[in-house]
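Me: I would like to go through the labels used for this model and ask, one by one, what stands behind them.

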Amino acid sequence: MRSIHKSLSLMLLVIALLVSSVTHASSTSKVVTVVTTIAPIANIIQNVGSNYVNVIAIVPSGTDSHTFEPTPSIAKLLGVADIIMVNGLDLELPTVKLAEKVKKPGTPIVMLGNKTLDRKDWQYDFSFPRQHGHPNPHLWPNIALSIRYAEIIRDSLIALDPVNKAGYIANTEVYLANLDELDNAIFDCIKSIPEKNRKLVTYHDSFAYFAPRYGLKIVAAVQPSNFSEPRPREVIKIIKQIKKENVAAIFGSEVFPSKVMRYIALETGVKFIDQLSDDELPLPPNNSFIGMMANNLTVMTDALGGDSGCMKNVNSNALVH
Ligand SMILES: [Zn+2]
């Protein structure tokens, strides 16, 4: 049942993306088929490539991208791609392996994260320990880094489709202005939070690159490296840290339901908010990467005692043009 549901939602997602992009396509030039993985990256590509690309995101919304295994129907999608764009930093290893086998010979695979950040700046932590060799891959919630993603996407599309160079440059300029606005708004949100509350405890460890940029301290991420629940010894340690640091709230996400978070909240008496997201977009009309980050910041800022009005001028439309 679950797999039927998943393939159905994948089909709907693919159809929706095809319809939304192809209808805008210019009739004189060939549309570039971009196959990508997670929804936030798909949305960045749609904005940069608007009018010229057809974006297919293969990880269905609401699916855990870290444990996602591509199915045979996904091999077919990878096989028709003109370009494949993934986050990289080991997030989509099974998909990249399959892509190398089934893609058309000339189709490039662009690893956005690996092109954005030098290996020396990769982060390892409790959920992504150095001894396992896989870094924390969540670069995109840090807007300085997602701006780099947009620029790399622009340059990769221009290399593949030079006829539409001016269009990609114009699209990217508009989109980067919106990302800049989001970036400034995030700084405003965090500034509105009392300094003693600028601390994060999350279940899923997706804010490791976000926190240092905006001045938050990560006290703990609860999810262990095998993506199961933590052991009692680890839970006790986290409860002690939360009490010692006087943390105001702890955060979960709908993609990673956790009984442990409720237990930790009960034991420490702090608020538990279950609404952060790192790869599931909000519902329309805010079904965009910017909309997802605006939601995250609204939730976070409210719970930590700040003023979430900081997000009111951000453009959360799926396409910003
Ligand atoms: Zn994640």
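Me: What covers the buried residues of H10?

Reply: In this predicted model, the cover over the buried residues of H10 includes H9, E7 and E8. The residues being covered are Met261, Ile264 and Ala265, on a helix that runs over residues 259-268.

Me: How do you know that the buried residues of H10 are on the same side?

Reply: Met261, Ile264 and Ala265 are the buried residues of H10. They cover an arc of only 100° around the axis, and therefore they are placed on the same side of H10. On the other side of this helix Lys259 and Leu266 are exposed, and just after H10 comes Gly269, with a positive phi of about 75°.

Me: Which residues does Phe272 touch, not counting residues up to four places away in sequence?

Reply: Phe272, whose place is in strand E8, touches Ile250, Gly252, Met261, Arg262 and Ala265. Two of these names, Met261 and Ala265, appear among the buried residues of H10. The C-alpha atoms of Phe272 and Phe251 are separated by 5.8 Å, although the two residues are 21 residues apart along the chain.

Me: Why is Phe272 called partly exposed?

Reply: Phe272 has 19 C-beta neighbours inside 10 Å, whereas a residue is called buried at 20 or more and exposed at 12 or fewer. The count for Phe272 lies in between, so Phe272 is partly exposed.

Me: What makes Ser206 count as buried?

Reply: Ser206 has 26 C-beta neighbours inside 10 Å, and the label requires 20 or more, so Ser206 counts as buried. Ser206 is found in the loop between strand E5 (199-202) and H8. Leaving aside neighbours within four places in sequence, the contacts of Ser206 are with His138, Pro141 and Asp278. Asp278 is 72 residues from Ser206 in sequence, and the C-alpha to C-alpha separation of this pair is 6.3 Å.

Me: Why is H2 called oblique to H7?

Reply: Helix H2 (residues 39-49) and helix H7 (residues 165-192) pack at an angle of about 125°, with their axes 7 Å apart. Roughly perpendicular runs from 65 to 115 degrees and roughly antiparallel begins over 145, so an angle of about 125° belongs to neither class and H2 is oblique to H7. On the H2 side the contact is made by Asn47, Val48 and Gly49, and on the H7 side by Tyr168, Asn171, Thr172 and Tyr175. The residues of this contact divide into 3 nonpolar, 4 polar and no charged.

Me: How do you know that the span of H7 is close to the expected one?

Reply: H7 has 28 residues and reaches 41 Å from its first C-alpha to its last, against the 40 Å expected at 1.5 Å a residue. Its buried residues include Tyr168, Asn171, Thr172 and Tyr175, which also take part in the contact with H2. The cover over the buried residues of H7 includes H2, helix H6 (143-160), helix H8 (210-214) and helix H11 (289-303).

Me: What puts the buried residues of H3 on the same side?

Reply: The buried residues of helix H3 (residues 72-80) are Ile74, Leu77 and Leu78. Because they cover an arc of only 100° around the axis, they are on the same side of H3. The face turned away from that buried side carries the exposed residues Pro72, Ser73 and Lys76, while what covers the buried residues includes strand E1 (32-36), strand E2 (53-57), strand E3 (83-86) and helix H4 (93-102).

Me: Why is Asn246 called exposed, and why is Asn51 called partly exposed?

Reply: Asn246 has 12 other C-beta atoms within 10 Å, and 12 or fewer is the condition for exposed, so Asn246 meets that condition. Asn51 has 18 other C-beta atoms within 10 Å, a count between the limits of 12 and 20, and Asn51 is therefore partly exposed. Asn51 is found in the loop between H2 and E2, and Asn246 in the loop between helix H9 (232-245) and strand E7 (249-251).

Me: What is phi at Asn51 and at Asn246?

Reply: Asn51 has a positive phi of about 85° although it is not a glycine, and phi of Asn246 is near 55°, also positive. Most residues other than glycine have a negative phi.

Conventions
Residues are numbered from 1 along each chain as its sequence is written. This is a predicted model: local features need pLDDT of at least 70, side-chain atom pairs count only at pLDDT 80 or more; totals for chains, interfaces and linings use all residues. Axes are lines fitted to C-alpha atoms, for helices over the stretch in contact, and angles run from 0 to 180 degrees between N-to-C directions. Helices (H or I, at least four residues) and strands (E, at least two) are DSSP runs, numbered from the N terminus. Angles under 35 degrees count as roughly parallel, over 145 as roughly antiparallel, 65 to 115 as roughly perpendicular and the rest as oblique. Two residues are in contact if their C-beta atoms, placed from the backbone, lie within 7 Å. Ala, Val, Leu, Ile, Met, Phe, Trp, Tyr, Cys and Pro count as nonpolar, Asp, Glu, Lys and Arg as charged, and the others, Gly among them, as polar. The arc is that of the directions from the helix axis to the C-beta atoms. The expected span of a helix is 1.5 Å times one less than its number of residues.
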